[in-house]
Amino acid sequence: MEDMEESHVENKHKNLAELSIRSHRAADPPICSECKELDLSFFDPTCLGCRDLLKNPHTTVAEIFAIIRQWVPQTQQNIDILVEEILNRGININDRDGLTDMNLLHYVAKSGAIGMGDIKVSSKVTRMLIDKRIDVNAKCRWTDMTPLHLAVYFDIEEVVKILLEASSSYDIDCRCKEFDNGTALHIGCMNLSAKSVKILLEYGSSPYAQNSLGKLPIQCIPNVELSENNSEAEHLALALKNELTTAMKDTDPNIEKQKLNLATLHALGLEMHEKVTVAGKVGILRYCGSTNFASGQWAGIELDKPLGKNDGSINGFRYFSCPPDHGIFAPLTRVNKYNKNCVARFSLPDSSSSVSTDIQLGDRVIVAGKNIGHARYIGPTEFASGSWIGVELIDPVGKNNGTVAGTQYFQCEPKHGVFAPRSKVQLANFNISEDLDLNEDSLTESPRTTIKKSSPKLNSMLPKPKVAKYILTGHWVFS
């Protein structure tokens, strides 16, 4: 009987992750009649009237998101009750608040702020959401912040640990545009989050990462003058400087920059210092990890011919050494293990021939001769017989998010996923040097696909919020 109950709970959690992700249109927070009479402006989960309103099935997910947005102890200390009510309404675990574009983990990660929330409750709900397969690395499109960024900002030590363990420290140095394209370590230093900074360093965050202003994390620690009013801040700043100084002395900057995710590397069938191919070029994998010029995991390759763009360094920072014009950088997912047919694989086959059987996960492909994307799944499916290829398309012209009929084959944004038989999929003949011109003169930003706005004219009229003001007050303050 217990096994049946556990199976039911597991299937329920799985279903929460497989529903279509949606953004819930902004609404005003409800408030009970008793609180209105008392002229209270916030929802109080400890009030019986408000509690009855919360349990009412007619109270929408958008309204509960509005309650969670209220930056008062009554809501933040009862974040577990509010999250439970949202989940009881059968949403996708990764659904977003339409006003802030934050998911539940974003809110929970900051709910344990000192003087506002309950760290134990925040930690408990964080674990619960992770168990239900919420996206740990999801970014808010307004603030560009991940749950880790928020937990570090508020120095919620336990939540920072939980998030890093859940993600195996993957993309620990993920950049945040709202903080000068800095990492979580930059954010922690700027906000004197001493406990979180110590944890980030223990889990492998790079003290040598530079933000868009060229500053290291240690250079982001504010200068605080000693006085009676800010003696605590002054001591925190001093402790942070000592922590960062020690970390930088104990590590080689060139080695430290390699935030190598071995699990990701091995999943792609790759090994350091082995022969690989990228866009038809052959070389040796010399570097794998985060970079100063773009977010995400990148591969640095020493080509066997002078067909590259650099000597292993970009913008004055060296990732590896090789002869001039023998170095090239590419997103890790575009690199393939070398085999005797590797160069030929990047030529489009004749229209009369069958598709290459050598398509591998991560390969850039063309579906039905017109839609470009990357192979994310290859194999049998439950919806049709034969072998199928699941493709994450660059443009939102697909049919799904990698899930078909309740079965998830891979994960991508809605309308970016499509499945096709092998006969409809071809390897794309794109030259990496044309698509990613990674040299010091031309490199300006990451070549990652951006999310297209529904109306450029409308979106250009939307003010951009100041993240710190919103996070601290719970209200948007526009610049």
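The paragraphs below lead through a predicted model of a protein chain, from its overall make-up to single residues.

Taken as a whole, the protein chain has 479 residues, of which 49% count as buried, and its secondary structure comes to 18 helices and 16 strands. When contacts between residues at least 6 apart in sequence are considered, 63% of them join residues at least 24 apart.

A good place to begin is the interior. In soluble globular proteins, nonpolar side chains tend to be buried together. In this model the largest nonpolar core has 68 residues, and those with the most contacts inside it are Val83, Ile86, Leu104, Leu129, Leu148, Leu163 and Leu200. Helix 6 supplies the largest share of this core, with 6 residues. Another core lies apart from it and holds 13 residues, among them Met272, Cys288, Ile301 and Val335.

To see what surrounds one member of the 68-residue core, the reader can look at Leu104, which touches Phe65, Ile68, Val83, Ile86, Leu87, Ile91, Asp95, Leu129 and Ile134, leaving aside residues up to four places away in sequence. Two of these partners, Phe65 and Ile68, are also among the buried residues of helix 4. That helix, made of residues 61-69, is mostly covered, since 8 of its 9 residues are buried; the buried ones are Val61, Ala62, Ile64, Phe65, Ala66, Ile67, Ile68 and Arg69.

Further along the chain, the record adds a label of its own: an unreviewed UniProt entry carries the annotation "repeat: ANK" for residues 143-175 and 180-212. In the model, residues 143-175 are 52% helix and 0% strand, with end C-alpha atoms 11 Å apart. For residues 180-212 the values are 48% helix and 0% strand, and here the end C-alpha atoms lie 5 Å apart.

The strands can be followed next, beginning with an open, antiparallel sheet of 5 strands in the order 8-5-4-3-9. Its edges are strand 8 (327-331) and strand 9 (336-337), each of which pairs on one side only. Strand 3 (residues 275-278) is joined to strand 9 by 2 bridges, and the two run antiparallel; within this pairing, Val276 has Lys337 of strand 9 as its bridge partner.

Strand 5 (residues 298-303) of the sheet contains Gly300. Is Gly300 buried or exposed? With a relative accessible area of 0%, Gly300 falls under the 20% limit and is therefore counted as buried. Gly300 touches Ile284, Leu285, Arg286, Tyr287, Phe320, Ile328 and Phe329, not counting residues up to four places away in sequence. The C-alpha atoms of Gly300 and Ala330 are separated by 6.8 Å, although these two residues are 30 residues apart along the chain.

A second open sheet, also of 5 strands with antiparallel pairing, has the order 15-12-11-10-16. Strand 15 (417-421) and strand 16 (425-427) form its edges, each pairing on one side only, and neighbouring strands of this sheet are turned by 45 degrees against each other on average, direction ignored. Inside the sheet, 4 bridges join strand 10 (residues 364-367) to strand 11 (residues 371-380), and these strands run antiparallel. Arg364 stands opposite His374 in strand 11.

Loops deserve the same attention, and Asn94 is one example, placed between helix 6 (79-88) and strand 2 (96-97). Because its relative accessible area is 5%, and buried means under 20%, Asn94 counts as buried. A polar atom of the Asn94 side chain lies 2.7 Å from the backbone nitrogen of Asp135. Apart from residues up to four places away in sequence, Asn94 touches Ile21, Asn103, Arg133, Ile134, Asp135 and Gln411.

Two further loop residues draw attention through their backbone angles. Most residues other than glycine have a negative phi. Asp39, in the loop between helix 2 (33-37) and helix 3 (48-55), has instead a positive phi near 60 degrees. Asp101, in the loop between strand 2 and helix 7 (104-111), likewise has a positive phi, of about 60 degrees, although it is not a glycine. Which of the words buried and exposed applies to Asp39, and which to Asp101? Asp39 has 69% relative accessibility and so counts as exposed, the limit being over 50%, whereas Asp101, at 10%, counts as buried because that value is under 20%.

How values were computed: Residues numbered from 1 in each chain as written. Predicted model: local features only at pLDDT ≥ 70, side-chain atom pairs only at ≥ 80, totals over all residues. Heavy atoms only, no water. Buried < 20%, exposed > 50% of the residue type's maximum accessible area, 1.4 Å probe, protein only. Polar contact = N/O pair within 3.5 Å; in protein donor to acceptor, adjacent residues only side chain to side chain. Contact = heavy atoms within 4.5 Å. UniProt positions renumbered as here; feature names shortened; annotations may be inferred. Core = buried A, V, L, I, M, F, W, Y, C linked by side-chain atoms within 4.5 Å. Pairing = 2+ DSSP bridges. Axes fitted to C-alpha atoms, helices over the stretch in contact; angles between N-to-C directions.
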